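Welcome, and thanks for taking a look at this one. Please open the structure below and keep it in view as you read.

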Amino acid sequence: MAADTADGVPSGVNGVAERVLQLKPRVVRQHRPFAYAPDLANSEVPVDRSLSDRFCATPWETLDVRFRGVVGACCPGYLPKPIGKLPEDTVESAWNSEAAQEIRASILDGSFRHCRAAVCPLIAGDSLPKRDEITDPYQRDIIDRGLVRAERPPRFYNLSYDESCNLSCPSCRTRQVSVTSGPEYEQLGKIQSRIVDAALAHPHDEPVEFNVTGSGDPFGSRIFREFLTSVDGRSWPSARFHFQTNGVLFTRRYWQRIAGIRNNIGRVFVSIDAATPETYALTRRGGHWGQLWENMRLIDDLRREGIVRRFQVFYVVQTANYREMPGLIHLLEQFPAVDWVNFSLISNWATFSDEEFRTHAIWRSDHPQFDDFLRVLRDPALASKRIFWGNVLPYRERALASAPSIEA
Ligand code: SF4
């Protein structure tokens, strides 16, 4: 399990992987042929710095299980190249496949050629550690010996093979998805069995983390509900379960249903994308503003009790909500246990035509409200130390550079 540094920044063996997956935009996959290729030019700010002295541990730590069981070694938006496919492959065979080793080699040779620099928040946000400064023994060994085969199994499973969700946010999908029976559901069961077989077949005390989910909602998905309610965490005391959720179903009732992993909760990430009910109705289609904040209170209490080990809020910045970024920071003053607020730029996950997407992409310099976006980014509320800027950072820096005195 990754530890926190004094300033709360994730560190440890999975620190890099977790920060990437925290920032992963909600994904949609099966309805469009190129859904794995979101808008490539997500940022207009060029990222041309050399990465030859940098390191990223993600491909040695992370197994990202995507729609139809396609397996990757990082978020598909940032590093789309697959390394295998479940259930045809096992976790073990995918983990050290030729493709997996090729990706790791591209990190070690400093080219990062499979990574999308403009959208990876660690590259765009200049957060990759220098390889000379790596002290973690496992990572040090990888660098020093040039290891492209991972010598230990995945530590971080991102479960994103089911996109079932109780909401249908426009930035993510065009319609509500719920897979609860039939051949598609059975296939999801086979994929999930591969993961359980690899990571939870026998009781153990090895650290292993599950992020549920980058593709929908952990409680809005039958297959993920079954996973979460079936594990008795006492058999895997070092296992951690992270929740990436819209928060609407994170109720006391569901909290009771996952009592078996009560002591294994890691992070809870709640996507909100608004600071008013009117905007929330647009950006989080099908959500329930009142229930959300009731559940936020529950999570805040659990965080204060130490049962939830980290509590973060996510916000996909787009035309509909950029003016409410400062408002969100003010709203969260009532939730002191929130550790971080993560901003990220809206991506086109094939849910919009190019023309539609241009109207949502407030970060484009040809957007008619782009100057107003920069003005909002200078709002004093956004100086909060709880903000992780990710791929919005270049715009924040640009805004401050044009009027630095406002932040002070
Ligand atoms: S895209 Fe590359 S650099 Fe970015 S997190 Fe993934 S592996 Fe690391």
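Here is a short tour of the sheet, the core and the ligand surroundings.

This is a predicted model. An open sheet of 10 strands runs through it in the order S3-S2-S1-S4-S5-S6-S7-S8-S9-S10, and the pairing is mixed. The largest nonpolar core counts 106 residues, and 12 residues surround the ligand.

**The sheet and its edges**

- Strand S3 (84-85) and strand S10 (387-388) are the edge strands; each has a single partner strand, so one side of each has no neighbour in the sheet.
- At the S10 end, strand S9 (residues 340-345) pairs with S10 in the parallel sense, over two bridges.
- To find this pairing on screen, look for Asn342, which stands opposite Phe388 in S10.

**Strand S1 and its two partners**

- Strand S1 (residues 62-65) is covered on both faces: Thr62 and Asp64 are buried on one side, and Leu63 and Val65 are buried on the other.
- With strand S4 (residues 156-159), S1 forms a parallel pairing over four bridges.
- Within that pairing, Thr62 has Phe156 of S4 as its bridge partner.
- With strand S2 (residues 70-72), S1 pairs in the antiparallel sense over two bridges.
- Here Asp64 of S1 has Gly72 in S2 as its bridge partner.
- S1 and S2 make a hairpin with four residues between them, and Arg68 in the turn has a positive phi of about 60°.

**The nonpolar core**

- In soluble globular proteins, nonpolar side chains tend to be buried together.
- Which residues of the largest nonpolar core touch the most other members? They are Val65, Tyr157, Val270, Tyr315, Val317, Val341 and Phe343.
- Strand S8 (residues 310-317) gives this core its largest share, six residues.
- Val270 is a good place to zoom in: leaving aside residues up to four places away in sequence, Val270 touches Thr245, Gly247, Met296, Ile299, Val313 and Phe314.
- Val65 links two topics, as a buried residue of S1 and as one of the core residues that touch the most other members.

**Around the ligand**

- Of the 12 residues around the ligand, the ones that come nearest are Cys56, Cys74, Tyr78, Cys115 and Cys120.
- Helix H2 (58-61) and helix H5 (121-124) each contribute at least two residues to this shell.
- How does the shell divide into nonpolar, polar and charged residues, and how many are there of each? There are 11 nonpolar residues, one polar and no charged.

How values were computed. Residues numbered from 1 in each chain as written. Predicted model: local features only at pLDDT ≥ 70, side-chain atom pairs only at ≥ 80, totals over all residues. Near = placed C-beta within 6 Å. Nonpolar A, V, L, I, M, F, W, Y, C, P; charged D, E, K, R; others polar. Core = buried A, V, L, I, M, F, W, Y, C linked by C-beta atoms within 7 Å. Buried ≥ 20, exposed ≤ 12 C-beta atoms within 10 Å, placed from the backbone. Contact = placed C-beta atoms within 7 Å. Pairing = 2+ DSSP bridges.
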